[in-house]
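Here is a friendly walk through some charged pairs and a greasy spot on a protein model. Take a look at the sequence and the structure before reading on.

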Amino acid sequence: MNSIESTDVLVIGSGFGGAIAAYHLAAGGAQVTVLERGPWLSSDEFDHDFLLGSSYTRIFDFTVGDGMSVLGGNCVGGGSVVYFATMPRAPRFVFDRHGSIGRRMWPASIDRDALEPWYDRVAEALPITQQSWDRVPYAGGLFAAACAHAGHTANPAPSAVDVDRCTNCNWMMAGCRFDAKRSLLLNYLPAALAHGAEIRPLHEVQRLSRTADGGYRVHYRIVDGEDYRVLHDSAVIDAKIVILAAGAGATPVILQRSADELGPMPHAVGRYFSGNGERLNTAVFDEDRVREVLGLDRGDGRAYEGYQIGRGPTVASWDRLDGRLPEFERFSLEQLYFPPGLGTILAQVPDATGPSWYGVAKKEMLRRWRSWLTIFIMSEDDNEGVFGPPPETGNAHRFSQQMLGHGPLRYRPTGNTRHGWSLADAAIKDILERDGLARVAPWTNDLVGAYTVHPLASCRIGDDPATSALDDRHELRGHPGIFVTDGSAVPGALTVNPASTIAALAERAMPGIVRAARERGVPVRYGAPSPDGETAARRAVARST
């Protein structure tokens with residue numbers, strides 16, 4: 001190695017926390033380099049199949065832990081490329097949660113009112129709009145009708161989807177080839193590039209060390225584009241400021257691996273992990289009862305048979321998001337499309353007398369898959385996840401060419417977490433099995449443990465150094481100049497989809513990070529407007545056609 005590269009700001013990860021930081025710092029005049037572990041795909045590369053080497057396997061990271069499996073994005077744009085783009089704001093009671101630590105988890109400086117202007121900035125940039133009933137697909141309408149029949153409310157959810165572009169193909173989880181889903185590829189990232197930021201895909205950061213001038217050296221490996229188990233050249237980049245946004249399953253692992261050279265990490269690094277209290281229930285509907293009880297008809301004699309038509313969650317029931325209820329008894333319920341693959345394999349046969357996930361009964365259940373409805377629970381968990389010793393490289397021991405790995409996360413749900421799941425399971429059963437509409441089976445933890453697509457809190461902000469790795473400015477305690485802006489910074493479960501809150505927190509952190517960068521000699525200013533998501537999206541579409 002003859003020379004060492006340098007940059008003002010090094011951003012690790014290109015999801016919400018990384019893209020927002022890259023845009024504001026580049027727009028403010030800093031030299032910004034973004035290292036992303038996954039590949040960089042354009043809209044025409046998002047495939048509608050599950051073959052090895054398709055976008056479905058290339059842009060996901062599925063990490064199996066001990067008691068918890070985590071599914072996240074592994075590509076430029078991060079989780080925004082694979083998310084369902086449902087973007088509610090966190091309920092007010094979330095910011096007053098105590099969990100098991102006996103005091104408020106969130107910093108005193110942050111509540112719903114304090115985050116409102118930052119939520120607004122994110123909604124403008126993507127943009128986020130409220131869906132209307134006339135644009136809700138069949139599965140959402142079925143869930144809403146079942147909720148109304150059972151005396152529950154349900155409403156369309158705010159969404160970062162351009163419904164005029166959406167074809168209701170339900171492949172958005174593998175990347176949206178129609179640019180209808182407002183991923184970060186259509187707003188913050190192109191805006192960051194326009195201001196000179198450099199994005200490097202297939203660069204996996206391994207650890208950080210210090211430089212003689214008080215900055216940081218970022219050590220990385222090049223990931224093979226075909227087989228993610230293969231790592232090529234290693235190199236380093238020096239930076240005055242480092243922003244970690246590698247995700248709640250990778251950011252703490254990078255910091256743990258860095259401790260030998262940086263010095264001790266805060267106690268909370270790699271602790272207090274939350275799966276956002278998530279859980280799935282699968283219902284198989286009786287088409288005749290849907291017609292007779294709910295009066296639904298698609299106009300061609302079918303009552304429903306529309307599980308595969310749509311765009312992920314469009315309708316949510318928020319009856320239990322009531323701050324007057326005790327903690328661990330509040331949850332939301334969302335209609336969800338879970339694509340064929342792991343979810344189909346592990347779906348449980350309702351009321352099974354033999355094996356619940358394979359056999360003759362499972363074969364019959366699969367035959368009726370168009371009459372399924374998946375309900376997604378987001379509840380209050382107990383932050384019980386802990387990361388063990390990090391693997392030698394990356395965030396997991398990869399055991400397949402793409403997508404799959406075994407990570408160091410250990411998760412043992414407490415009685416509090418299980419109580420919330422039980423209440424939510426019972427609510428779903430009451431809604432969907434009423435008058436013989438469907439048969440419901442909840443997710444089982446027996447096969448792969450709990451499961452989350454929204455990992456949080458493994459490197460969280462807070463006021464108490466004993467239980468939070470970051471201060472309320474998102475700076476890593478004891479390591480000035482290192483900031484964390486991804487989902488790992490969120491203190492705990494939100495009871496709703498977290499992307500909007502992660503993004504709002506990243507926006508809120510930016511003025512302080514800019515000040516810290518200036519103090520470390522970076523000529524940067526704060527004040528760039530929200531990127532124009534509509535204009536950026538039109539430009540991206542024009543480039544791909």
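Is Ile 345 buried, partly exposed or exposed? Ile 345 is partly exposed, because its relative accessible area is 47%, and partly exposed covers the range between 20% and 50%. Keep in mind as you look that this is a predicted model.

**A nonpolar patch**

Ile 345 sits in helix H9, which covers residues 342–346. Together with Trp 357 and Tyr 358, Ile 345 makes a nonpolar patch of about 310 Å² on the surface.

**Charged pairs**

Now let us turn to charge. Side chains of opposite charge can pair when their charged atoms come close. How many salt bridges does the structure hold? There are 32 of them. The table shows three examples, with the distance between the closest N and O atoms.

| Acidic residue | Basic residue | Closest N and O atoms |
|---|---|---|
| Asp 8 | Lys 240 | 3.8 Å |
| Asp 162 | Arg 182 | 3.4 Å |
| Asp 238 | Arg 217 | 2.6 Å |

Let us take these pairs in turn, starting with the salt bridge between Asp 8 and Lys 240. Asp 8 belongs to strand E1 (residues 5–12) and Lys 240 to strand E11 (residues 231–244), so this pair ties together parts that are 232 residues apart in sequence. The two partners can be described by their accessibility as well. Asp 8 counts as buried, with 12% relative accessibility, while Lys 240 is partly exposed at 32%.

Next comes the salt bridge between Arg 182 and Asp 162. Both residues lie in the loop between strand E7 (158–159) and helix H6 (188–194), so the parts tied together here are 20 residues apart in sequence. Are Arg 182 and Asp 162 buried or exposed? Both of these residues are buried.

The last pair in the table joins Asp 238 to Arg 217. Asp 238 is in strand E11 and Arg 217 is in strand E10 (residues 216–223), so the pair ties together parts that are 21 residues apart in sequence. Asp 238 is buried, because its relative accessible area is 17% and buried means under 20%. Arg 217, at 24% relative accessibility, counts as partly exposed.

**A network**

Salt bridges can also be linked to one another. Which residues are linked in a network of salt bridges? Arg 89, Arg 112, Glu 116 and Asp 120 are linked in this way. Try finding these four residues in the structure, and then go back to Ile 345 in helix H9.

Conventions
Residues numbered from 1 in each chain as written. Predicted model: local features only at pLDDT ≥ 70, side-chain atom pairs only at ≥ 80, totals over all residues. Heavy atoms only, no water. Patch = residues over 30% accessible without salt bridge, like charges linked within 9 Å, V, L, I, M, F, W, Y side chains within 5 Å. Areas by Shrake-Rupley, 256 points an atom, 1.4 Å probe, with all protein chains shown as cover. Salt bridge = Lys/Arg side-chain N within 4 Å of Asp/Glu carboxyl O. Helix = DSSP H or I, 4+ residues; strand = E, 2+ residues; numbered from the N terminus. Buried < 20%, exposed > 50% of the residue type's maximum accessible area, 1.4 Å probe, protein only.
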